[in-house]
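Welcome! Please take a look at the sequence and the model below, and then we can walk through one residue and one pocket together.

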Amino acid sequence: MALHTHSNRGVRLAFVLGSGGVRSIAALGIAERLAREGIRPDLVVGCSSGALFGAQVARGLHDHSAVSLATTLWSAELTQQRRWRAYLQLIAPKLAGFGSGFALRDDRLITERITRAFGDARLEHLPTPLRVVATEAATGLPVVLSRGRVVDALRASMAVPILFPSVEIDGQRLVDGVLSDPLPISAASDAGVVISLGFHGSMPRRVDRLSRLVAQTSTTLINNLMQARTDAAQARGQKVIAIELHLDRHIGLWETSAMPELFEAGWRAAEERLLDIVAALDEAHAPAFQPAFID
């Protein structure tokens with residue numbers, strides 16, 4: 001697994017997927033709607049749950065039948081595999097060996113599910129190139145993975161600190177990509193046009209307990225970082241088309257029963273922006289203006 005280095009060849013269209021829990025499956029509906037028009041990304045970039053469902057898009061698995069596969073990749077039971085030793089590490093850290101690899105949950109079930117879906121597939125050999133963003137735990141900096149096993153990259157990008165153990169790749173201890181780049185448009189800086197799917201968090205209505213204060217703080221940081229990434233991309237001349245879902249109700253991060261609904265929401269959202277996407281692609285590849293010289 002290696003850090004990504006941009007090639008000299010530009011990317012026509014990139015599909016960038018941020019972290020949004022089960023809502024990220026809307027990426028499948030978006031990809032399927034665009035594919036019906038013959039529009040397919042040259043690059044997929046994702047972090048956390050966005051990387052997980054982005055890997056399906058990169059493999060060409062984005063029709064209605066792909067939703068059933070997605071239910072095995074994202075379900076609440078994945079977060080319920082307790083590490084009983086963790087409680088001892090909290091109570092007696094020196095005795096039980098508390099360290100940087102501490103985690104409340106075991107990630108073996110996650111690894112098993114992802115391996116069953118992707119096997120030994122490698123990022124660089126997927127039908128559409130995939131870049132997965134994780135965070136280096138020691139420095140807090142984003143790391144873009146573009147080579148190596150899909151399973152390893154996805155595990156790293158979804159390794160929520162404290163909840164799941166970090167993943168070591170090429171000597172780096174990696175954790176969830178959302179910490180450093182929740183909408184990793186910067187990892188697609190070589191793309192002329194970017195279609196982004198990000199999810200701004202909702203601020204708690206009341207701050208009457210510690211958990212809500214933490215939620216308020218983390219949501220503020222993530223929302224501002226997402227907006228900063230979008231602004232930076234547009235400032236350097238990229239055309240960024242943000243896809244926004246229109247949902248009638250709140251959907252929980254692990255509400256797998258909502259996956260068909262979210263697929264359809266992604267389809268509709270892509271249809272709403274279809275003319276903008278086509279226009280952006282045409283503009284990005286229009287021949288440069290050549291002045292006429294009169295003898």
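## A threonine and its surroundings

Thr 135 counts as buried because its relative accessibility is 3%, and buried means under 20%. Keep in mind as you read that this is a predicted model. In the fold, Thr 135 belongs to strand 4, which covers residues 130–136.

What does the side chain of Thr 135 reach at 2.8 Å? Its partner there is the backbone oxygen of Asp 176. The side chain of Thr 135 also makes a polar contact with the side chain of Ser 180. Here are the two distances together:

| Side chain of | Partner | Distance |
|---|---|---|
| Thr 135 | Asp 176, backbone oxygen | 2.8 Å |
| Thr 135 | Ser 180, side chain | 2.7 Å |

Leaving aside residues up to four places away in sequence, Thr 135 touches Gly 140, Leu 141 and Pro 142, along with Arg 173, Leu 174, Val 175, Asp 176, Gly 177, Leu 179 and Ser 180.

Now let us turn to the pocket. The largest pocket holds about 1600 Å³ of space. Its lining is made up of 49 residues, and those closest to the centre are Ser 19, Arg 23, Phe 199, Gly 201 and Leu 253. Two or more lining residues come from each of helix 8 (210–235) and strand 9 (239–243). Helix 8 supplies the largest share of this lining, with twelve residues.

What classes of residue make up the lining of the largest pocket? There are 27 nonpolar residues, 18 polar ones and four charged ones.

Key. Residues are numbered from 1 along each chain as its sequence is written. This is a predicted model: local features need pLDDT of at least 70, side-chain atom pairs count only at pLDDT 80 or more; totals for chains, interfaces and linings use all residues. Side-chain values use heavy atoms; hydrogens and water are left out. Helices (H or I, at least four residues) and strands (E, at least two) are DSSP runs, numbered from the N terminus. Buried means under 20% relative accessible area, exposed over 50%, partly exposed in between (1.4 Å probe, protein chains only). A polar contact is a pair of N or O atoms within 3.5 Å; within protein, one must be able to donate a hydrogen and the other to accept it, and residues adjacent in sequence count only if both atoms are side-chain atoms. Contact means heavy atoms within 4.5 Å. On a 1 Å grid over the protein atoms alone, a cavity is a set of points where a 1.4 Å probe fits but cannot get out, and a pocket is an open set with protein on both sides within 12 Å along at least five of seven lines; lining residues have an atom within 4 Å of a point. Grid points are joined across faces, edges and corners, and a volume is the space filled by probe spheres set on the points. Ala, Val, Leu, Ile, Met, Phe, Trp, Tyr, Cys and Pro count as nonpolar, Asp, Glu, Lys and Arg as charged, and the others, Gly among them, as polar.
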